[in-house]
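Colleague: I am new to this structure. Could you take one part of it, the empty space inside and along its surface, and go through it closely, with whatever borders it?

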Amino acid sequence: MKIQHIFFDLDNTLWDHRGNAFSTLKEIFKRQEVRDKYNLDFDDFHREYFTINERLWEQIRDGEIDKEYLRKHRFYDSFLFFGIDDFDLAQAFESNFLDEILNYNDLVPGAFEVLEYLHDKGYQLHILSNGFEEVTHKKCELSGIQNYFQTITSADEINIRKPQPEIYDYALKKANASPAESIMIGDDWIADVEGGKSFGLQVIYFDVFDDKFEADEVKVIKKLIELKELL
């Protein structure tokens, strides 16, 4: 059956979460005078934060923790790594981060061109994100891509995350799409590729960070613009 519905992951697939988060955290770090108070360099802090945050998001994806745990620990644990036991500072980062990251809305290179191309080809486009519901829609709106999508689904809506089949079932029913006519595109091998395949979707893996996952039956792209050659 011909592909009619394309489901995109959002963070780091279309919306440049890594870049936008870096800019946001650098601003908060400066405002909180962390370097002066604790003799901590931003690049060192960011490197450790990135590692801890990625691990926590993997635990959320795998159902080991909930988002409240992540929001309590990602900054606290990052500072604690450097011997800074300051829960109030960590929570100041957390509360400001979710608000202020929406001040930065850079997209992954090629996003607008690809969405315009797929729209003009007649595909029905959708977002299926594991991100927080309270910011998923705002990211799409403020970055200017909201109107390309027929549906925008956050896993928070049913509190079940990719790769679990229930969130795929929910998103496809919301889009009035069948697995046979749908494809999933994303940068998370487990959530997007293995999750999509298990539910019967075709998949394209966007290896945006050069993680080098591969499987014989999975198409891999390194740049978003490559989708124009595949769809």
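Modeller: A pocket, as the word is used here, is an open set of grid points with protein on both sides within 12 Å along at least five of seven lines. Its volume is the space filled by probe spheres set on those points. The model is a predicted one.

I start with the second largest pocket, whose volume is about 200 Å³. Its lining is made up of 13 residues, and those nearest its centre are Ile 60, Gly 63, Ile 65, Asn 159 and Arg 161. Two elements, H3 and helix H4 (67–81), give two or more residues each to this lining. By class, seven of the lining residues of the second largest pocket are charged, three are polar and three are nonpolar.

Helix H4 can be followed further. It has 15 residues, which at 1.5 Å a residue should span 21 Å, and its end C-alpha atoms do lie 21 Å apart. H4 nevertheless has a kink of about 35°, with His 73 at its centre. His 73 is also among the buried residues of H4, together with Lys 67, Leu 70, Arg 74, Phe 75, Tyr 76, Ser 78 and Phe 79. In an α-helix, residues three or four places apart point the same way, because there are 3.6 residues a turn. The cover over the buried residues of H4 includes H1, helix H2 (34–38), H3, H5 and H7. After H4 comes Gly 83, which has a positive phi near 80°.

Next is the largest pocket, which holds about 750 Å³ of space. It is lined by 31 residues, and the closest to its centre are Asn 12, Glu 54, Trp 57, Asp 187 and Asp 188. Five helices each supply at least two residues of this lining: H1, H3, helix H5 (87–100), helix H7 (133–143) and helix H9 (189–198). H3 gives the largest share, five residues. The lining of the largest pocket comprises 13 charged, twelve nonpolar and six polar residues.

H7, one of those five helices, contains Thr 136. With a relative accessible area of 2%, Thr 136 is well within the limit of under 20%, so this residue counts as buried. Beyond its neighbours within four places in sequence, Thr 136 is in contact with Leu 10, Ile 127, Ser 129, Gly 131, Ile 152 and Ser 154.

There is also enclosed space. The count is one cavity of 30 Å³ or more, and the largest cavity has a volume of about 70 Å³. Around the largest cavity are Asn 12, His 17, Arg 18, Ala 21, His 46, Tyr 49, Phe 50, Asn 53 and Glu 54. Asn 12 and Glu 54 were named above among the residues closest to the centre of the largest pocket, and both also line the largest cavity. Helix H1 (17–31) and helix H3 (42–61) each provide at least two residues of the cavity lining. H3 has the largest share of the cavity lining, five residues, as it has in the lining of the largest pocket. The cavity lining divides into four polar, three nonpolar and two charged residues.

One last residue is Ser 182, in strand S4 (residues 182–186). Ser 182 counts as buried because its relative accessibility is 0%. Apart from residues up to four places away in sequence, Ser 182 touches Ile 3, His 5, Phe 7, Leu 172, Ala 177, Leu 201 and Gln 202.

Definitions and conventions: Residues are numbered from 1 along each chain as its sequence is written. This is a predicted model: local features need pLDDT of at least 70, side-chain atom pairs count only at pLDDT 80 or more; totals for chains, interfaces and linings use all residues. Side-chain values use heavy atoms; hydrogens and water are left out. On a 1 Å grid over the protein atoms alone, a cavity is a set of points where a 1.4 Å probe fits but cannot get out, and a pocket is an open set with protein on both sides within 12 Å along at least five of seven lines; lining residues have an atom within 4 Å of a point. Helices (H or I, at least four residues) and strands (E, at least two) are DSSP runs, numbered from the N terminus. Ala, Val, Leu, Ile, Met, Phe, Trp, Tyr, Cys and Pro count as nonpolar, Asp, Glu, Lys and Arg as charged, and the others, Gly among them, as polar. The expected span of a helix is 1.5 Å times one less than its number of residues. The bend at a residue is the angle between axes fitted to the seven residues ending there and the seven starting there. Buried means under 20% relative accessible area, exposed over 50%, partly exposed in between (1.4 Å probe, protein chains only). Contact means heavy atoms within 4.5 Å.
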